[in-house]
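Let's go through this model together, asking at each step what justifies the words we use for it. Have a look first, then follow the questions below.

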Amino acid sequence: MGDHKEQPLRVGAAVRRRRRALELTLAVVAERSGLSVPFLSQIENDRARPSTGSLEKVADALRTTAVELLAAADPACTVDVVRAEDPEPHPEPRVRSLVRGHHQMHASEFTGGHEAGREFQHRNDQLLFVADGGVEIEAEGRAYRLGRGDTLYLTGGVRHRWRATVPETRVVVVAVADHIEAVEDRKRP
């Protein structure tokens with residue numbers, strides 16, 4: 001139950017990733033494949049499931065194969081349970097993923113200490129939620145102390161570092177996955 005292998009695949013994200021990697025517009029792919037722009041958009045947004053023939057046309061237009069697109073597809077899992085780990089305290093810091101697979105959202109739980117000197121800069125937005133304990137976060141030249149139940153939101157590109165201030169602190173980090181273009185390129189005019 002909740003096993004991705006039992007679920008059908010969503011090929012839309014794989015098509016979009018491949019198209020963007022080749023820097024092609026939907027119009028170019030439509031012209032190459034003989035399919036309409038609206039239909040290709042529906043495929044990319046998983047609102048339409050392409051037939052084998054249509055998927056092969058899309059793959060040809062993207063200079064790949066239908067098999068490769070399916071291999072890169074996301075499972076169409078709408079509900080997945082990630083069970084809690086052993087509640088016993090651990091001496092070492094640990095991280096566990098709260099979302100399995102290749103999705104638009106990424107979430108992790110950090111428990112225990114954290115390498116305070118390590119600086120992070122994520123491409124997309126993220127939210128830090130202190131589930132238990134306390135943390136100190138440095139972002140944009142300011143220090144923020146957070147306790148149980150507090151959150152801190154960071155927009156994409158903000159450099160930051162954080163450390164636990166209480167043993168067995170638990171921090172949940174939720175972010176837009178890095179493979180998603182959620183932030184405009186701030187370098188463009």
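Q: How do you know that strand 6 and strand 9 pair?
A: Happy to start there: 4 bridges join strand 6 (residues 126–132) to strand 9 in this predicted model. Pairing asks for at least two bridges, so the two strands qualify as a pair. They run antiparallel. One of the bridge partnerships is that of Gln126 with Leu154 in strand 9.

Q: What makes strand 3 and strand 9 edge strands?
A: The open sheet has 5 strands in the order 3-4-11-6-9, with antiparallel pairing. Strand 3 (94–97) and strand 9 (151–154) each pair on one side only, and that makes them the edges. From one strand to the next, the twist averages 20°.

Q: Why are the buried residues of helix 2 said to be on the same side of the helix?
A: The residues in question are Leu26, Val29, Ala30 and Ser33. Around the axis they cover an arc of only 105°, so they sit on the same side of helix 2. Their cover includes helix 1 (12–21), helix 3 and helix 4. After helix 2 comes Gly34, with a positive phi near 80°.

Q: What makes the largest nonpolar core a core, and which helices supply at least two residues each?
A: A nonpolar core is built from buried residues of nonpolar kinds whose side-chain atoms lie within 4.5 Å. The largest such set here has 17 residues, and Val11, Val15, Leu40, Val58 and Leu69 have the most contacts inside it. Helix 2 (26–33), helix 3 (37–44), helix 4 (52–61) and helix 5 (66–71) each supply at least two residues. Helix 4 gives the largest share of this core, 4 residues. Another core, of 13 residues, lies apart from it, and among its members are Leu128, Val135, Val158 and Val173. As a general tendency, nonpolar side chains in soluble globular proteins are buried together.

Q: How do you know that Val15 is in contact with Leu69?
A: Contact requires heavy atoms within 4.5 Å. Leaving aside neighbours within four places in sequence, the residues in contact with Val15 are Ile43, Glu44, Val58, Leu62 and Leu69. Leu69 is on that list, so the pair counts as a contact.

Q: What share of the protein chain counts as buried?
A: The cut-off for buried is under 20% relative accessible area, and 37% of the 189 residues count as buried. The chain exposes about 12,000 Å², of which carbon and sulfur atoms supply 50%.

Key. Residues numbered from 1 in each chain as written. Predicted model: local features only at pLDDT ≥ 70, side-chain atom pairs only at ≥ 80, totals over all residues. Heavy atoms only, no water. Axes fitted to C-alpha atoms, helices over the stretch in contact; angles between N-to-C directions. Buried < 20%, exposed > 50% of the residue type's maximum accessible area, 1.4 Å probe, protein only. Areas by Shrake-Rupley, 256 points an atom, 1.4 Å probe, with all protein chains shown as cover. Arc of directions from axis to C-beta.
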